[in-house]
Amino acid sequence: MANGLREENIRRIIALEDRISDCRRCPEQLHCVRRPAMGKGELAPEVLIVFEGENQYTGDFNWIIEMRNLLKHYLGVEKIYHTFMIRCTPKTCSARHSAFCYTTSKLLDRDHNCILTKKPCNGVPIKSDTVQILNCLAYLIEEIDILNPHFVLLMGERVSEFVLRSYGFYDSPKPGQIYVYNQRHLISAVNEQAFDENECQKLKPAFSA
Ligand code: SF4
């Protein structure tokens, strides 16, 4: 990648991340999120992985490295970037509900302690609703456009459905299915919970197409 283009990509990704950090489209979800989830990895990726949101797998650095190694080993890709469809994963929180908390401010301090309980956050991550997904999806599509990967790996049924619909594909995708949009290969896969060596190998035909 030419230096000028790389610098331009860095500038556009930083500008995107600034907008995501300031985003208030889903006020209900912001209390228990210290910082929205951001993409990480190569800025000129061959493959861009899309997870639904942050969870015990995607938040585990070792798990991410392991997954990347599987892709490198079985699918022959080297440059990998991963990102999220939902930046602010919603949580249920008994402390917030029992305190009848109506504030729109964040309730986590810099150390991820809850300002209501003065203890580490024990909110339980839950699934985002359709409104939140639609609020956030534009950031992902913009990120894909900036980084322009050849392959986009969609982790799980929900991610596959929402992202594919954004590109005009309305099927119910099966793992390993490929959709081509402007020479970009969108590949549906199982979610991170079910992803293992075996599932990775099943994607080989899609990555050699
Ligand atoms: S989930 Fe996305 S759209 Fe909603 S507040 Fe966070 S960054 Fe904004």
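Two strands are taken to pair if DSSP finds at least two bridges between them, and in this predicted model strand 6 and strand 8 are joined by 5 bridges and run parallel. Within that pairing, M155 has A189 of strand 8 as its bridge partner. In general, the strands of a sheet pair through backbone hydrogen bonds, and the pairing may be parallel or antiparallel. Here, 6 strands make up an open sheet in the order 1-3-2-6-8-7, with mixed pairing. Its edges are formed by strand 1 (40–41) and strand 7 (178–181), each of which pairs on one side only.

Elsewhere in the sheet, strand 3 (residues 80–84) is joined to strand 2 by 5 bridges, the two strands running parallel. I49 is matched in strand 3 by H82, its bridge partner, while V50 stands opposite T83 of strand 3. Strand 3 is also connected to strand 1, through 2 bridges and in an antiparallel arrangement, where G41 has Y81 of strand 3 as its bridge partner. Of the 5 residues of strand 3, 5 are buried, so strand 3 is largely enclosed by the rest of the structure. In a regular strand the side chains alternate between the two faces of the sheet. In strand 3, I80, H82 and F84 point one way, whereas Y81 and T83 point the other way, and all of these residues are buried.

The surroundings of strand 2 can be described through one of its residues. V47 belongs to strand 2, which spans residues 47–51, and a residue is classed as buried if 20 or more other C-beta atoms lie within 10 Å of its own. V47 is therefore buried, because 24 other C-beta atoms lie within 10 Å. Leaving aside residues up to four places away in sequence, V47 touches L71, V77, I80, P149, F151 and L153. The C-alpha atoms of V47 and H185 are separated by 9.3 Å, although these residues are 138 residues apart along the chain. Helix 5 (residues 157–166) lies across strand 2, strand 6 (151–155), strand 7 and strand 8 (184–189), and runs at about 135° to strand 6.

At the other end of the strand order, strand 7 and strand 8 run antiparallel and are joined by 4 bridges, with V180 standing opposite H185 of strand 8. Strand 7 and strand 8 form a hairpin with 2 residues between them. N182 is found in the loop between these strands, and Q183 has its place in the loop between strand 7 and strand 8 as well. Most residues other than glycine have a negative phi. By contrast with that general pattern, phi of N182 is positive, near 50°, and Q183, which is not a glycine, has a positive phi of about 65°. A residue is classed as exposed if 12 or fewer other C-beta atoms lie within 10 Å of its own. N182 counts as exposed because it has 7 C-beta neighbours inside 10 Å, and Q183 is exposed, with 7 other C-beta atoms within 10 Å.

Two helices provide further points of reference. Helix 1 (residues 3–22) contains 20 residues and reaches 29 Å from its first C-alpha to its last, close to the 28 Å expected at 1.5 Å a residue. Helix 1 is hardly covered, since the count of buried residues among its 20 residues is 1. T130 lies in helix 4 and counts as exposed, because 9 C-beta neighbours are found inside 10 Å. T130 and L71 are 59 residues apart in sequence, and their C-alpha atoms are 30 Å apart in space.

The shell around the ligand was also examined. The residues around the ligand are I20, C23, R25, C26, Q29, P36, I86, R87, C88, Q132, N135 and C136. Helix 4, which spans residues 130–147, gives the most to this shell, with 3 residues. By class, the shell around the ligand divides into 7 nonpolar, 3 polar and 2 charged residues.

Note on methods: Residues numbered from 1 in each chain as written. Predicted model: local features only at pLDDT ≥ 70, side-chain atom pairs only at ≥ 80, totals over all residues. Contact = placed C-beta atoms within 7 Å. Axes fitted to C-alpha atoms, helices over the stretch in contact; angles between N-to-C directions. Expected span 1.5 Å × (residues − 1). Near = placed C-beta within 6 Å. Nonpolar A, V, L, I, M, F, W, Y, C, P; charged D, E, K, R; others polar.
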